Amino acid sequence: MYDLIIKNVRIIDGTSAPWFRGWLAVQGDIIARVGRGNPEQAKEIVDGNDRYLCPGFIDIHSHSDTSLPFYPQAESRILQGITTEIGGKCGLSVAPVSRDPEKKRQLCDYMGEMDYSWETLGEYLDGLEALHTSVNFGTAVGHGTLRLAAMGFENRKATEAEMNTMKKLLRQALEDGAFSMSSGLIYPPGCYADADELTELCKELAPYGAYYETHMRDEGEKVVEAVQEALEISRRSGVPLQIAHHKVIRKSGWQVHCRTTVALVDQARRQGMDVTMDQYPYTASATTLDSNAPLWAFEGGVESLLARLQNPADRKRINDEANESHRGRWGDIYISYVESEKNQWTVGKSITEIAAIRGVDPADACFDLILEERCRAGEVNYGMCEEDIEYIMKQPYTMTGSDGNAVSMEYHGQPHPRWFGTFPRVIARYCRERKLFSLETAVFKMTGLPASRLGISDRGLIREGMKADLVLFDFDEIEDTPTYQNPKQPCRGVKRVYVNGILTAVEGVHTGARAGQILRKGKGGAYERKGKNS
């Protein structure tokens, strides 16, 4: 007798093959049987009422390594059907941590307040496992974090000794289970690296079956050149490439640049290169407010940036450069989060609105807020167009990634709705309404495709012997209810979510179960499930 049978469902297996009516049996944390016709016996039988049953969604691009220690129940993930996520993206991971007190302080200043009681990625994952998370979690190692540990926020070429330090730290992170190395080439200190440095580090990935993932150097006017650089690094190092959250964020390049970047990827794939990309389905991006400062201003770290913002000569230069690069854009940037109580009134307002209320220049409104919050402020930036989103999404190698965080429904602030609604939005808007692709293809982009990129061999498909990560949803009802104005909502139509065979959400309500596993990838690309939470 099985532990659970879900009967009377339309099964989408995650391969993009057509759905079929059947039933599924779970024993422990494993899919024990997939059948048609009359189901067998089980301790619990759930009637799916002819709804769709698919593998749990895999979020290949998240930043939950910074938030899961505080929100292990991960409602923002579970309630939209995400059962597995990979953190450490955009070049920024919470490990490795340097023993040097100054470099450790710089990491804390930049990444956010955590205890950083670990040094290695393995120690961080061990600590996270002890918390018993609701989601399965794995991570990349961030190139920016490696560089910070080796040389701080220095804006220069790495020495041979510093390169050797980065390589040693990278190999340790890969031994500890990192799936990839990510870069964030618009963020310091990663932005100070050249293609030669990144190529040399990427060569360390090959023995581990890991890949290189990049938040490219530019996603606006020079996005084509940024894709060319990413492809060149992949070509020279011989490792697979993942282009993170691909988009075009300047109006001057809308409906043009993405055609060229996709053509470049197509060409590379025809030449035998392993190149894929991920994407979130929104016209607004989100990041930290201090990303509006010119990159030179960060040299030396957060404290150095804050000092420059208070120096009249430096401040004038920063303001002038920001106003020049932000012509017509300040009104598109909205505050999503501030730490202090006194500035809560700015959340949900644009920089232009804040400047008018304060009676100051938009650059001053932005940088004064950064100063007052000591860089603990976030933004949502409206910079993309729907035509580009759809063109990129239709590509067969584009998978879904939220670029979000695992948090609770009571999270402080007004974050981007992608944290809560990315995956149902792709199904509801772009599959059901816009009809860009079949439902089976939509699910493949969220399950089988990211599992293949990660090399995860026991998730992402409905197959006997696979882990029982499952989502039961109503195709006619599913809706991304989270909005920019009210993002902290469960999505409609997600009926049941199972993680490793354990019921974790029902009709938009978390059950309290925390059955996730810590996922590691090791030498030669071997994949390991490190323990089971209960």
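Two strands pair if DSSP finds at least two bridges between them, and strands here are DSSP runs of E with at least two residues, while helices are runs of H or I with at least four residues, both numbered from the N terminus. The exercises below concern a predicted model, in which local features need pLDDT of at least 70 and side-chain atom pairs count only at pLDDT 80 or more, whereas totals for chains, interfaces and linings use all residues. Residues are numbered from 1 along each chain as its sequence is written, and side-chain values use heavy atoms, with hydrogens and water left out.

**Exercise 1.** Determine in which sense strands β6 and β7 pair, and whether the faces of β7 are covered or not.

*Solution.* Begin with the pairing: β6 (residues 82–87) and β7 run in the parallel sense, joined over four bridges. Within this pair, G87 stands opposite T139 of β7. Next, recall that in a regular strand the side chains alternate between the two faces of the sheet. In β7 (residues 136–139), N136 and G138 lie on one side, F137 and T139 lie on the other, and all of these are buried, where buried means under 20% relative accessible area, exposed over 50%, and partly exposed in between, with a 1.4 Å probe and protein chains only. Both faces of β7 are therefore covered.

**Exercise 2.** Describe the order of the eight-strand sheet and find which strands stand at its edges.

*Solution.* The sheet is open, its pairing is mixed, and its order is β3-β2-β1-β4-β17-β18-β19-β20. The edges are held by β3 (30–35) and β20 (509–510), each of which has a single partner strand, so one side of each is left without a neighbour in the sheet. Further in, β1 (residues 2–11) and β2 (residues 20–27) run antiparallel and are joined by six bridges, with I5 standing opposite A25 in β2.

**Exercise 3.** Explain why C90 forms no disulfide.

*Solution.* A disulfide is a pair of cysteine sulfur atoms within 2.5 Å, and the structure holds zero of them. For C90, the closest cysteine sulfur is that of C191, at 13 Å, which is too far for a bond. C202 is likewise in no disulfide, since the nearest cysteine sulfur, that of C90, is 15 Å away. C90 is buried, with a relative accessible area of 5%, and C202 is buried too, at 0%.

**Exercise 4.** Locate L128 and list what it touches.

*Solution.* L128 belongs to helix α3 (residues 121–131) and is buried, with a relative accessible area of 2%. Leaving aside residues up to four places away in sequence, L128 touches L68, P69, T133, F137 and I518, contact meaning heavy atoms within 4.5 Å.
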